[in-house]
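Good morning, colleagues. Please take a moment to look at the sequence and the structure before I begin.

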Amino acid sequence: MAGGHHGEGVTYKGVTLHKPKRWHTVTGKGMCAVMWFWILYRAKQDGPVVLGWRHPWEGHGHDH
């Protein structure tokens, strides 16, 4: 089922690596972009707290 002998591929020490299909490559790049956008968004939101520049309880607008 999974080990066909067709298509392009590179064999090294008995292991054959086949060229990925285009949709695999495009989907992987898209998911990578989403991951980095999320990391940068969270860094923008939580960066000062993580770096110790601000306490987590400061800046919420509660003045009591």
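Let me start with a definition: the bend at a residue is the angle between two fitted axes, one through the seven residues ending there and one through the seven starting there. We shall need this when we come to the helix. Please also keep in mind that this is a predicted model.

First, the overall layout. The protein chain contains one helix and two strands, and along the sequence they follow the pattern β-β-α. The chain has 64 residues, of which 2% count as buried. Its accessible surface comes to about 6600 Å², and 65% of that belongs to carbon and sulfur atoms.

I turn now to the strands. Strand β1 covers residues 9-12 and strand β2 covers residues 15-18; the two run antiparallel and are joined by four bridges. Which residue in β2 is the bridge partner of Gly 9? The partner is His 18. Further along, Thr 11 stands opposite Thr 16 in β2.

Together, β1 and β2 form a hairpin, with two residues between them. Lys 13 lies in the loop that separates these strands. Its phi is near 50 degrees, a positive value in a residue other than glycine. To put that in context, most residues other than glycine have a negative phi. Is Lys 13 buried or exposed? With a relative accessibility of 71%, Lys 13 counts as exposed, because the cut-off for that class is over 50%.

Next, the helix. Helix α1 spans residues 22-50. Where in α1 does the kink lie? The kink is at Lys 44, shortly before the proline Pro 48, and amounts to about 50 degrees. By the definition I gave at the start, this value is an angle between fitted axes on the two sides of the residue. After α1 comes Gly 52, which has a positive phi near 85 degrees.

The helix also carries a salt bridge, and the count for the structure is one. As a general remark, side chains of opposite charge can pair when their charged atoms come close. Here, Arg 42 pairs with Asp 46, and their closest N and O atoms are 2.5 Å apart. These two residues are four apart in α1, so about one helical turn separates Arg 42 from Asp 46. Arg 42 is partly exposed at 33% relative accessibility, and Asp 46 is likewise partly exposed, at 30%.

Let me move to the aromatic residues. The structure holds one aromatic pair. The ring centres of Trp 38 and Tyr 41 are 5.8 Å apart and their planes meet at 35 degrees, so the pair is tilted. The reasoning is that an angle under 30 degrees would count as stacked and one over 60 as edge-to-face, and 35 degrees falls in the remaining class. Trp 38 and Tyr 41 are three residues apart in α1, which means that about one helical turn separates them.

How accessible are these two residues? Trp 38 is exposed, with a relative accessible area of 52%, whereas Tyr 41 is partly exposed, with 42%. Both belong to a nonpolar surface patch of about 550 Å², which is made by Met 35, Trp 36, Trp 38, Ile 39 and Tyr 41.

To close, I would ask you to keep three views in mind. The hairpin of β1 and β2 has Lys 13 in its turn. Helix α1 has a kink at Lys 44. Finally, Trp 38 and Tyr 41 form a tilted aromatic pair and also take part in the nonpolar patch. Thank you for your attention.

Key: Residues numbered from 1 in each chain as written. Predicted model: local features only at pLDDT ≥ 70, side-chain atom pairs only at ≥ 80, totals over all residues. Heavy atoms only, no water. Buried < 20%, exposed > 50% of the residue type's maximum accessible area, 1.4 Å probe, protein only. Areas by Shrake-Rupley, 256 points an atom, 1.4 Å probe, with all protein chains shown as cover. Phe/Tyr/Trp six-rings, centres within 6.5 Å; stacked < 30°, edge-to-face > 60°. Pairing = 2+ DSSP bridges. Salt bridge = Lys/Arg side-chain N within 4 Å of Asp/Glu carboxyl O. Patch = residues over 30% accessible without salt bridge, like charges linked within 9 Å, V, L, I, M, F, W, Y side chains within 5 Å.
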